[in-house]
Every structure is written in structure tokens, then in C-alpha cells.
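User: I'm new to this, so could you take me through one part slowly? I'd like a close look at the aromatic rings and what lies around them.

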Amino acid sequence: MPPIPGSGLAKGLAVTLRTMTKKTVTAQYPDVQPELPPRSRGVIALFEENCTVCMLCARECPDWCIYIDSHKETVPAAAPGGRERSRNVLDRFAIDFSLCMYCGICIEVCPFDALFWSPEFEYAETDILDLTHERDKLRDWMWTVPEPPALDPHAEEPKEIAAARKTADKLRAQREQQAQEAQQAQEAAAEADAAQPDAAQPDAAQPDAGEGDA
């Protein structure tokens, strides 16, 4: 069936009329910050207190944009006669965001929860060399990391929490049983102490044989 003459013009005018009747919404950025989704990938924040310099994030990064420097320090023995230990101390943690492709592998593989996604996106620079941010800047972004979402109330309980709760319930039951046994032992001892004077009372009340004869 051949198209009706002027149908395309009618469709275009219909789209124009629908658009004209809608309310115009203008984003007032940068005066008003946009509402970003909770899982937005802005920048990578560092919580350096949790970092153990295991280098796992730097090794797994496909772009090799994470730079880490550290040194070893000797920790004295905690007790006399103990052995001294050595630990890694973080000297530098930098990320080159001109190379980063925001894959999130470094955050996923971190075993100590030292890296987090921050929704911060205002970090443009005039020079590409300034996109390599050191650990001080990464630490400042840590305070913009949103709180984790609440767990689904119908979700299955994690195995770690279930095991910990089972152990706690077992210890609580053992303590209650020990407390009950101790209470029963105290009651038995109190009953035995109360029964001893009653057994000795008839002997004390019985008169002496010599006094009766007199």
C-alpha cells in the first residue's frame, strides 16, 4: 500500500506538539549537583589503614595504572623471648586515571577492603600528567564513598555469619548449663548444711545418765 501523501509531515508535527506540551527541565549544573545512581563509578578511593601492600591490585590491573612503593620495618617482639617480625609500610599509592578504564578489578581483588568506588566525577585537569593522583587525594575521596546498601531481608544469610551465630549459641548454652550446675551444687550444699544441726539436736537434748540416777 503506497504511503499517504503528507503522512511523514503529520508524524513530525505530532512529535513536535508532544514535545511542546511537556515541561522543560534544565539541569542546573554545577550549581545543583546531579543525583547519581548508588553504584556510580567515579573514581577509586583508598582506605590506606587497610592496605597491607600485597600488590595484588597492581598485578591484576590490566592497564598497569597503579603505582605502589613501600618499605619494610621491624616490629619488636610482643612478649619477652618472642621473635621480631617485619611488616610492609606504604610509601606511595598512586593511580593514573588517564590510563584507568574503570573496570573495577582492583577493587574486586583487594582482600582487605582498601579500595572503594566513589561517585566523585569532578576531577578534570588541564594537563594529562595531573591525572595521576597520589594517596592523599585518594584518601580525600574516601569520605565521599556512600554507605553500602541494606541487605535484602529475604536473602539467604551469609555462611560466615551463620557459623559465627551457631558458635555463639553453643557457647551460650554451655555457659547456661555451667551456671545451672553451679546453682544446683550451691543449693545441695546449702541443704546439707541445714540438715547437720537438726541431726545433732537430739543428742544435745538427751539427759546425762548419771544425773537421772541421782
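Analyst: Phe97, Tyr102, Trp117, Tyr123 and Trp141 are linked into a cluster by ring pairs. Rings of Phe, Tyr and Trp (its six-membered ring) pair if their centres lie within 6.5 Å; planes under 30 degrees apart count as stacked, over 60 as edge-to-face and the rest as tilted. By that rule there are 6 aromatic pairs. Take Tyr123 and Trp141: they sit edge-to-face, 5.8 Å centre to centre, with 65 degrees between the planes. This pair joins distant parts of the chain, 18 residues apart: Tyr123 is in the loop between E4 and strand E5 (132-133), Trp141 in helix H4. (Helices, H or I with at least four residues, and strands, E with at least two, are DSSP runs numbered from the N terminus.)

A quick word on the source: this is a predicted model, where local features need pLDDT of at least 70, side-chain atom pairs count only at pLDDT 80 or more, and totals for chains, interfaces and linings use all residues. Residues are numbered from 1 along each chain as its sequence is written, and side-chain values use heavy atoms, with hydrogens and water left out.

So, are those two rings buried or exposed? Buried means under 20% relative accessible area, exposed over 50%, partly exposed in between (1.4 Å probe, protein chains only). Tyr123 counts as buried because its relative accessibility is 14%, and Trp141 does too because its value is 4%.

Phe97 from the cluster is also among the residues with the most contacts inside the largest nonpolar core, which has 28 residues. Such a core is a set of buried Ala, Val, Leu, Ile, Met, Phe, Trp, Tyr and Cys residues joined through side-chain atoms within 4.5 Å.
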